[in-house]
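Work through the following exercises with the coordinates open, and try each task before reading its solution.

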Amino acid sequence: SRRRHTRYISVTGVQTCALPIFANYDPETGISGSTFLDSSGNGYNATISGSPSTTTVGNGHTVLQLNSASSQWYAYTNGYSNTGVNLQNLTFDAWFYTFSASTSQTVISEFGQAGYSGGWNDAIMGMTTTNINASFYASSVGGYVPGPSYVANKWYNITIACSASGYFLYVNGSLYASNGSVRTSSPSPIYWAIGHPDSANNYLGGVSGYFNGYMGPVKLYVGTLTATQVLQNFNALRWRYGI
């Protein structure tokens, strides 16, 4: 099994310990050609599909620009093993900026098989035509956490955390909503894809389609981040995007 690494984030000069990062995809430090290097140290390097470009935003910080019309996305193609990982306790943290208002798009999806189509699959985070919603599969398409409305050309930091007591959705570092859903068992390996839609297109209130916009860091954590840790993560990166 992969070795877990505890990462530290600096907030106003103070080091604080977050939960072990399972995988960390940060365009600022990790893109080399069609390979997205996993900066967690666990070696889950992702393959970038569709030839998206990188660009700089804010104070000159690198982001990955995904074009939905070109079906651009990235994923660790070997799948993540859940050996030693409790999939009922996970946190996904994503920074993104959509070009398209009122357009259904996927930020993160998951599959039970390689190929990223059919079989066991669902959306984890994404946008309907009106809202940003998130969830982990809980044996029901209705188990998602409804999130905020959104507009185009604006940065969002969305964090979805799951534990044995429910799901917690954070927007820009603050708890927005929660529910009592509990993640059910999942296949191993499991395939998490960033920017790629699921096949069902009926989870999270109707999320579908490829992502269209800028993608900043996406972090996958083993365990459930606390509200304090989520806020620390937000504060550590908000300066990149002028928030």
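The accessible surface of the protein chain comes to about 9,200 Å², and carbon and sulfur atoms hold 46% of this area. The model is a predicted one.

**Exercise 1.** Characterise the protein chain as a whole through its secondary structure, burial and contacts.

*Solution.* Begin with the secondary structure, which comprises two helices and 18 strands. Next, take burial, where under 20% relative accessible area is the criterion: of the 243 residues in the protein chain, 52% are buried. Finally, consider the contacts with a separation of 6 or more, of which 67% join residues 24 or more positions apart.

**Exercise 2.** Determine the strand order of the open sheet of eight strands, and identify its edges.

*Solution.* Following the pairing across the sheet gives the order E4-E5-E6-E9-E17-E11-E12-E13, and the pairing is antiparallel. The edge strands are then E4 (31–32) and E13 (132–134), since each of them pairs on one side only. For one pair within the order, strand E6 (residues 46–49) and strand E9 (residues 73–75) are joined in the antiparallel sense over three bridges, with Thr 47 standing opposite Ala 75 in E9.

**Exercise 3.** Locate the largest nonpolar core and examine the surroundings of Tyr 25.

*Solution.* The largest nonpolar core contains 43 residues, and Tyr 25, Tyr 74, Tyr 80, Phe 96, Met 125 and Ile 160 have the most contacts inside it. Apart from this core lies another, of nine residues, which include Val 57, Trp 155, Phe 234 and Leu 237. Returning to Tyr 25 and setting aside neighbours within four places in sequence, one finds contacts with residues including Phe 36, Tyr 44, Tyr 74, Tyr 80, Pro 217 and Leu 220.

Note on methods:
Residues numbered from 1 in each chain as written. Predicted model: local features only at pLDDT ≥ 70, side-chain atom pairs only at ≥ 80, totals over all residues. Heavy atoms only, no water. Helix = DSSP H or I, 4+ residues; strand = E, 2+ residues; numbered from the N terminus. Buried < 20%, exposed > 50% of the residue type's maximum accessible area, 1.4 Å probe, protein only. Contact = heavy atoms within 4.5 Å. Areas by Shrake-Rupley, 256 points an atom, 1.4 Å probe, with all protein chains shown as cover. Pairing = 2+ DSSP bridges. Core = buried A, V, L, I, M, F, W, Y, C linked by side-chain atoms within 4.5 Å.
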